[in-house]
Amino acid sequence: MRFRLILTIEKNTLGNRIPMNYQYECSALIYKILSKSDKDFSAWLHENGFQAGNKKFKLFTFSRLYVPSYRVDGEFMQILSDTVEWQISFLPERSTQEFIQGIFQNQTFELGTRRANVRFSVQEISVLPQPVFAGTMAFETLSLICVSLRRENGKVDYLSPDNPEAAPLIRQNLLNKYFAFYGKEYNSKFDFDFEVLSKPKSVLVTIKVGTPQETRVRGFMCRFRMTAPAELMKVAYETGVGEKGSTGFGMLAFKKMEGPSSK
């Protein structure tokens, strides 16, 4: 289930600057808000998630902030508009419309770091209609797709979605998420195709900036067409494509199918 939040910036309280790398802070904020309403659920989601083998999945994702007007100030973003839009998507059954709307409604929260922090208030929260899932669908990214491959020498390569090695990893990631949520294997015999429709734009994101745990993750924005069973399309739409969905990677928007691609 996907939610659209309209956030008002309280500029007179803390100002209007947030870090350009704000994804980790957004993820931590979601856990914090969940914990206000249901500490046991938030703790379980954070510590365990849904599990498939030795892999754990949180099974939610979120978009980048849509800021109508802003100015880049070094490593910070100055928000010039009065409101921003944010989308959050959950697959877990516990995250029903009433549950999520109830804990986000009328919330006021801070987002950022000690160096740049903004106070937002939730002006509006609404449920977005779910697309009709079909065997082949076109999407565009609302946040970066992350696909990584660990080589034999231990090096981790972040793959562009148009890399031939990326599609099998995206397919397996969907199967792992399906198993984690439903507790059963999906029939592995099905048609799968991942066709990139636009030149992927590469972005390097820094997670946990200024801490000993600081890491850099590369992701990509693009449009693409995917062929998969409708059940896996739903998993992709609700939890994101690729890795690190709960850190704000891989969120998709449905696009109307067009004719043959022109890359």
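## A covered helix, two sets of strands and a surface patch

Helix α6 is mostly covered, with seven of its 10 residues buried. The model is predicted, and α6 spans residues 230-239 in it. The buried residues of the helix are Leu232, Met233, Val235, Ala236, Tyr237, Glu238 and Thr239. The list includes Glu238 and Thr239 as well as Leu232 and Val235. An α-helix has 3.6 residues a turn, so residues three or four places apart point the same way. Just after α6 comes Gly240, which takes a positive phi of about 95°.

What does α6 lie across? The helix lies across three strands, β11 (136-141), β17 and β18, and runs at about 10° to β11. These three strands belong to an open sheet of four, ordered β14-β17-β11-β18, with antiparallel pairing. At its edges are β14 (193-196) and β18 (252-255), each of which pairs on one side only. On average, neighbouring strands of the sheet are turned by 30° against each other, direction ignored.

One edge of this sheet can be followed residue by residue. Strand β14 pairs with β17 (residues 223-227) in the antiparallel sense, over four bridges. Within this pairing, Glu195 stands opposite Arg225 in β17.

Another antiparallel pair is formed by strand β9 (residues 108-112) and strand β10 (residues 117-127), joined by five bridges. The connection between β9 and β10 is a hairpin of four residues. Gly112 stands opposite Asn117 in β10. Which residues of β9 are buried, and which are not? The side chains alternate along the strand: Phe109 and Leu111 point to one face and are buried. Thr108, Glu110 and Gly112 point to the other face and are not buried. Gly112, the residue opposite Asn117, is thus on the face of β9 that is not buried.

The last stop is on the surface. Met20, Tyr70 and Val72 make a nonpolar surface patch of about 280 Å². Tyr70 is found in strand β6, which covers residues 70-73. Is Tyr70 buried or exposed? Tyr70 is partly exposed, because its relative accessible area of 45% falls between the cut-offs of under 20% for buried and over 50% for exposed. That 45% also satisfies the patch requirement of over 30% relative accessible area, so a residue that is partly exposed rather than exposed can still be a member of the patch.

Definitions and conventions. Residues are numbered from 1 along each chain as its sequence is written. This is a predicted model: local features need pLDDT of at least 70, side-chain atom pairs count only at pLDDT 80 or more; totals for chains, interfaces and linings use all residues. Side-chain values use heavy atoms; hydrogens and water are left out. Patches are made of residues with over 30% relative accessible area and no salt bridge: like charges are joined within 9 Å, nonpolar side chains (Val, Leu, Ile, Met, Phe, Trp, Tyr) within 5 Å. Accessible areas come from the Shrake-Rupley method with a 1.4 Å probe; for residues, only the protein chains shown count as cover. A salt bridge is a side-chain nitrogen of Lys or Arg within 4 Å of a carboxyl oxygen of Asp or Glu. Buried means under 20% relative accessible area, exposed over 50%, partly exposed in between (1.4 Å probe, protein chains only). Two strands pair if DSSP finds at least two bridges between them. Axes are lines fitted to C-alpha atoms, for helices over the stretch in contact, and angles run from 0 to 180 degrees between N-to-C directions. Contact means heavy atoms within 4.5 Å.
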